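Student: Could you walk me through this one? I'd like to begin with the inside and then move around.

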Amino acid sequence: MDKYKTTFENIHIELEKAQHVLLLSHKSPDGDATGSSLALAHFLHVNDKEFTLFNINKPGSHFEFMPGHYAFKNDMSVWDKEEFDLLVVMDSSNLNHTSVDEEIKRQKHDFKIINIDHHISNDEYGHINLVVPDASSTSEIIYHLLDHKRAVTKEVATCLLTGIMTDTGGFQNMATTPGAIDVSSKLMNKGANIKQVAKFALDQKPVNTLKLWGRALQRLKINEKNKIISTVITTQDLEECNATEEAMEGVANFLNELDQARDGVVMVLSEREDGKVKGSLRTTNGLIDVSKLAKILGGGGHKKASGFTIDGKLKEGPDGWEIV
Ligand SMILES: [Mn+2]
């Protein structure tokens, strides 16, 4: 992380200068988006900085163990009421993923953007870009940024450990690097509550989520020839299971663990409420780079985990499911 020291310094200078910071992360925030933005919120709070912690969707109830979670706002009036001069966007490879890119464009006053992320496909949309594709998670990057000021408290540590543990699938997927383990051990030394993280962020699945997963598993298709395992989730499923979009997130990772998925590609197509279909791609095959496939379809991500979004709806026809 040594080569990022100047960037850390520049970010701290901007944070210090700012009058009002707006903290933002991608919609349907996962453990990493929630944990990294909450950690920075704790840091600003301790330093008596005025800030607003915003996400278009409030984090799921299984993240409520994270200290300060109640500070999240999803009330759109924030965008008319508050005049921020610094926007920090975390875990979002482009501004589009925040679902408030239009609001950002609409702002008439001057503000700077700091972009902190670990996705290789990051657009570098910030005035300052701290993009570290080798990092397991944005939370791992935030650890180094805050440790630069010796500012990792117990509260911060629990939030950041959540981000690392969820993005590495409990230290099991390809993102599990020595760096991720090293930072996690330091976070435990700072008092991070690993038991809570494991219980609430990893193990506990709301019944609504399990119902939704049940539908996805029922529709599982294995193409032996092309080694593609796929399934679909519709907005009707979401409604009938009373589940949120975030509940869909773990399905692709779960399928990627299956023995049948070894060396193949996992694809989960999920219909979104905004008339789009999201595709999640996973592979454990060292020779396959699914981010290339995602890029062709207008998306991006990592070599082993990527995604894309296309306009359309999912429809079941005589030959199976298709995007129409
Ligand atoms: Mn992440």
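Student: So how many residues does the largest nonpolar core have, and which have the most contacts inside it?

Tutor: Bearing in mind that this is a predicted model, the largest nonpolar core has 47 residues, and those with the most contacts inside it are Leu23, Val88, Ile116 and Leu187. The largest share of this core, 7 residues, is supplied by H6.

Student: What is Leu23 in contact with, leaving aside its neighbours within four places in sequence?

Tutor: With those neighbours set aside, Leu23 is in contact with Ser37, Leu40, Ala41, Leu44, Phe51, Thr52, Leu53, Phe54, Val88 and Met90. Val88 is thus on that list, and Val88 is also among the residues with the most contacts inside the core.

Student: And what does the second, separate core include?

Tutor: That second core has 16 residues, including Ile233, Cys241, Val251 and Leu255, and is separate from the one just described.

Student: Changing topic to the metal: which residues are the protein donors of the manganese ion?

Tutor: The manganese ion has as its protein donors Asp32, Asp91 and Asp167, each through OD, together with His118 through NE2, and they lie 2.2 to 2.4 Å from the ion. Along the chain, the spacing of these donors is D-x58-D-x26-H-x48-D. His118 sits in the loop between strand S5 (112-117) and strand S6 (128-131), while Asp167 belongs to helix H6 (residues 154-167), so this pair ties together parts that are 49 residues apart in sequence.

Student: Are His118 and Asp167 buried or exposed?

Tutor: Both His118 and Asp167 are buried. H6 therefore appears in two places in this account, since Asp167 lies in that helix and H6 also gives the largest share of the 47-residue core.

Student: What about helix H5, how many of its residues are buried?

Tutor: Helix H5, which runs over residues 138-147, is mostly covered, with 9 of its 10 residues buried. The buried ones are Thr138, Ser139, Glu140, Ile141, Ile142, Tyr143, Leu145, Leu146 and Asp147, a list that takes in Glu140 and Asp147 as well as Ile141 and Leu145.

Student: Now the rings. How many aromatic pairs are there?

Tutor: The count comes to 5 aromatic pairs. One of them joins Phe54 and Trp79 in an edge-to-face arrangement, at 5.6 Å centre to centre and with 85° between the planes. Phe54 lies in strand S2 (residues 50-54) and Trp79 in helix H3 (residues 78-81), so the pair ties together parts that are 25 residues apart in sequence. Phe54 and Trp79 are both buried.

Student: And why is the pair of Phe65 and Phe200 stacked?

Tutor: The ring centres of Phe65 and Phe200 are 5.6 Å apart and their planes are at 20°, so the pair is stacked. Phe65 is in the loop between S2 and strand S3 (72-73) and Phe200 in helix H8 (residues 194-203), which makes this a link between distant parts of the chain, 135 residues apart. Phe65 is buried, with a relative accessible area of 14%, whereas Phe200 is partly exposed at 23%.

Student: Which residues form the aromatic cluster?

Tutor: Phe54, Trp79, Phe84 and Phe111 form one aromatic cluster. Phe111 itself lies in the loop between helix H4 (101-106) and S5, and at 17% relative accessibility Phe111 counts as buried.

Student: What does Phe111 touch, not counting residues up to four places away in sequence?

Tutor: Beyond those nearby positions, Phe111 touches Phe84, Asp85, Leu86, Leu87, Ile104 and His127. The C-alpha atoms of Phe111 and Leu86 are separated by 5.2 Å, although these two residues are 25 residues apart along the chain.

Student: Finally, the overall picture: how many helices and strands are in the chain?

Tutor: The chain has 12 helices and 14 strands. Its radius of gyration is 19 Å, close to the 20 Å that the globule rule gives for 324 residues, so the chain is as compact as a globular protein of that length. The C-alpha trace spans about 60 × 40 × 35 Å along its principal axes, and buried residues make up 51% of the 324 residues.

Student: And what percentage of the contacts join residues at least 24 apart?

Tutor: Among contacts between residues at least 6 apart in sequence, 64% join residues at least 24 apart. As for the surface, the chain exposes about 15700 Å², of which carbon and sulfur atoms supply 49%.

Conventions: Residues numbered from 1 in each chain as written. Predicted model: local features only at pLDDT ≥ 70, side-chain atom pairs only at ≥ 80, totals over all residues. Heavy atoms only, no water. Donors = N, O, S within 2.8 Å, 3.2 Å for Na, K, Ca; no water. Helix = DSSP H or I, 4+ residues; strand = E, 2+ residues; numbered from the N terminus. Buried < 20%, exposed > 50% of the residue type's maximum accessible area, 1.4 Å probe, protein only. Core = buried A, V, L, I, M, F, W, Y, C linked by side-chain atoms within 4.5 Å. Contact = heavy atoms within 4.5 Å. Phe/Tyr/Trp six-rings, centres within 6.5 Å; stacked < 30°, edge-to-face > 60°. Rg over C-alpha atoms; globule rule 2.2 N^0.38 Å. Areas by Shrake-Rupley, 256 points an atom, 1.4 Å probe, with all protein chains shown as cover.
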